[in-house]
Amino acid sequence: MCGIVGAIANRNVVPVLVEGLNRLEYRGYDSAGIAVINAADEVRRVRRTGRVAEMAGAAEQEGLTADIGIGHTRWATHGGVTESNAHPHVSFGELALVHNGIIENHEEQRAKLTAQGYVFESQTDTEVIAHLVHSYQKQGMDLLHAVQHAVKELHGAFAIAVISKKEPNRLIAARMGCPLLIGLGENENFIASDVSAILQATRRVIFLEEGDTAEVTREGVVVFDDNDQVIEREVHVSDVSLSSLELGPYKHFMQKEIHEQPRAVADTIEAVVDNNGFGPELFGDGAEEVFANIDRVKILACGTSYYAGLTAKYWIESIADLTCDVEIASEYRYRKVVADPRQLVVTISQSGETLDTMEALKYAKSLGQEQTLSICNVPESAIPRASKLVYYTRAGAEIGVASTKAFTTQLVALFTLACTLAKVKGNLTPEEELGYLEDLRQLPGSVQHALNIEPQIAAWAEKFAPKENALFLGRGVHYPIALEGALKLKEISYIHAEAYPAGELKHGPLALVDESMPVVVIAPNDRLLEKVKSNIQEVRARGGEMFVFADLDSNFTESDHVHVIRAPRHTGVLSPIVHTIPVQLLAYHVSLARGTDVDKPRNLAKAVTVE
Ligand code: F6R
């Protein structure tokens, strides 16, 4: 979603801002802009709808140069995709501001500021912050105090960066509910909503906490807490690699990230393998006590991460013998729930920023549910920081909007959780532990083998590309993988796809099946295989065309209307992870064949920081 970058230096910062906005593109946006204070102490601004490159071209044409500036990529919420709604927003030509998040009381603020004579040029909630800060400056406050006063009047979530021509030697930043960090350089400093935006300049970062404001000059940074008192915040060195932000030999980030999965899985299991067994210490300090004191699990997540949770339910119930409920975070956060202090609340989030998941976690905690664990791919992001325990997946930065390597590494983490809970609860024999460990060790190789079937899947994709609907079927622990396959296909190819547990077909969806309906079936050789085969017959009898992902020895007869691809290896209990690869590849190749924007599907954003 929206992205922020800001810089103050002894050099021209326009290229730094443009580069930063390019790095933020993956989050999803529909307009971009930068504002600077130039050598004549004027606020200059360039905004464009569409791509960052267009805006950067316009900035170059206008000869924009400055040693202080802010930039933004906007994903429209309040007000359409227009240049006047794009950030930065300017107040009286004196102050420029960028904002991520949503201001809930913007209408009330707008009315108040209009009465004071402010004229609004946009439909955004952001413009009220610019005028509000300006109104405090007008009363004689300096920029820092004006921002500190203004943010106390705002309800909602925000990360903001502000510059003012009256004080051309400092940037002011503030956060509440949306991530924001400060990058520390040598006689130059930066602001960003995401470390990738400033990695080209520095790896040393300070993550602002809720309610913090910061004064950023060339010489240094001063952070203030929510009581406006100076506070020391830890300096971190980011380990996000620049190569994870580059395409390398690949055409798309999604393709690259699908192919990175053997490495991502290997990195994520490294701690377990090094530990030579499952142990609570893998989940952080205090995990042993937490795990000993819980007797059920609640998983909260959204989208693909929710499907990882659905898969985990099968593992947690069958391996650890603990009841596990999985719920969509945006639903949980708004219903009356029965609090259970003996429940482990597990949030799953690739980005660690998803607002609904964060709010669901806060809600659970407000009900006294203190035992919380976050499974997350982004160190130091908001959700793990609000959780007692954490397991970081080591997928590396995921840029493609459609989640791939984050999902499979979440599954690895959740499988590790199931085995660890089983061990703590005395439900794992040493032989079982050794067996599961061996399964994990084999996993990167099995994922690599699954990637090798890409040419066959690319051939299937040609048949899929002209279709407008598809069904995905799975049973048991593979049903969530069918859901994930359908989500991937609709997200990036815009083909309408639905997933069902195969046994549900005859209770309704079978009515949809005719010759034009492709049906993808995930059919590994497990104890439900014979049931799945019967379900396939039900589809064949109605003329549906079947695309079956099976195991080596699933014994399917191929025909003109039953196409089968066999996984090259058996993977037992980890089969859902390996069977994810073909559905990802299918979505990718169908999207290629249809010519859609694989990495930036329409209307979607990478980190969903709004409701
Ligand atoms: C789908 C996808 C989304 C995310 C969802 C949650 O490919 O990426 O469905 O899974 O928005 O995001 P995180 O995991 O960052 O909380």
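Which residue stands opposite V223 in strand 14? Keep that one in mind while we work towards it; the model you have open is a predicted one.

**Stop 1: the domains**

Colour the chain in three pieces to get your bearings. Domain 1 covers 2-241, domain 2 covers 253-448 and domain 3 covers 454-594. We'll begin in the 2-241 stretch, which is domain 1.

**Stop 2: two spots in loops**

Select D41, in the loop that links strand 2 (31-37) with strand 3 (43-49). Check its backbone angles: D41 isn't a glycine, yet its phi is positive, near 60°. Most residues other than glycine have a negative phi, and most peptide bonds are trans.

Now hop along to P88, which sits in the loop between strand 4 (68-74) and strand 5. Zoom in on the bond between H87 and P88: this peptide bond is cis, with omega at about 0°.

**Stop 3: a seven-stranded sheet**

Show strands 5, 6, 7, 8, 12, 13 and 14 together. These 7 strands make an open sheet, and walking across it you meet them in the order 5-6-7-8-12-13-14, with antiparallel pairing. At the edges are strand 5 (89-91) and strand 14, each with a single partner strand, so one side of each has no neighbour in the sheet.

Next, add helix 4 (residues 126-138). It lies across strand 5, strand 6 (95-103), strand 7 (156-164) and strand 8 (167-176). Against strand 6, helix 4 runs at about 130°.

**Stop 4: two hairpins in a row**

Stay with this sheet and select residues 213-216, strand 12, plus residues 221-224, strand 13. The two run antiparallel and are joined by 4 bridges. They form a hairpin, with 4 residues between the strands. To see one pairing, pick E215 and look across to V222 in strand 13.

Carry on from strand 13 to strand 14 (residues 230-231), its antiparallel partner over 2 bridges. Here's the answer to the opening question: V223 stands opposite I231. This is another hairpin, with 5 residues between strand 13 and strand 14. Click on D228 in the turn, where phi is positive again, at about 65°.

**Stop 5: a parallel sheet**

Move on to strands 16 to 20. What order do the 5 strands of this open sheet take? Going across, you'll find 17-16-18-19-20, and the pairing here is parallel. Strand 17 (323-328) and strand 20 (389-392) are the edge strands, each pairing on one side only. Turn the view and compare neighbours: on average, neighbouring strands are turned by 20° against each other, ignoring direction.

For a closer look, select strand 16 (residues 296-301) and strand 18 (residues 343-349), a parallel pair held over 5 bridges. V297 stands opposite L344 in strand 18.

Then switch on helix 11 (residues 355-366), which lies across strand 16, strand 18 and strand 19 (372-376). Its direction is at about 165° to strand 18.

**Stop 6: a helix pair**

Select helix 13 (residues 405-424) and helix 14 (residues 430-451). Their axes are 11 Å apart, and the helices pack at an angle of about 170°. Angles over 145 degrees count as roughly antiparallel, and helix 13 and helix 14 are therefore roughly antiparallel to each other. Show side chains to see who makes the contact: V412, F415, T416, C419 and K423 come from helix 13, while E433, Y436, L440 and L443 come from helix 14. Sorted by class, the contact has 6 nonpolar, 1 polar and 2 charged residues.

**Last stop: where domain 2 meets domain 3**

Zoom out and go back to the domain colours. The centres of domain 2 and domain 3, taken over C-alpha atoms, are 26 Å apart. Across the boundary, 30 residues of domain 2 are in contact with 23 residues of domain 3. About 2,400 Å² is buried between domain 2 and domain 3, with carbon and sulfur atoms giving 73% of that area.

Conventions: Residues are numbered from 1 along each chain as its sequence is written. This is a predicted model: local features need pLDDT of at least 70, side-chain atom pairs count only at pLDDT 80 or more; totals for chains, interfaces and linings use all residues. Side-chain values use heavy atoms; hydrogens and water are left out. Two strands pair if DSSP finds at least two bridges between them. Axes are lines fitted to C-alpha atoms, for helices over the stretch in contact, and angles run from 0 to 180 degrees between N-to-C directions. Angles under 35 degrees count as roughly parallel, over 145 as roughly antiparallel, 65 to 115 as roughly perpendicular and the rest as oblique. Contact means heavy atoms within 4.5 Å. Ala, Val, Leu, Ile, Met, Phe, Trp, Tyr, Cys and Pro count as nonpolar, Asp, Glu, Lys and Arg as charged, and the others, Gly among them, as polar. Domain bounds come from an automatic or database domain assignment. Buried area is the accessible area (1.4 Å probe) that two parts lose on being put together, summed over both.
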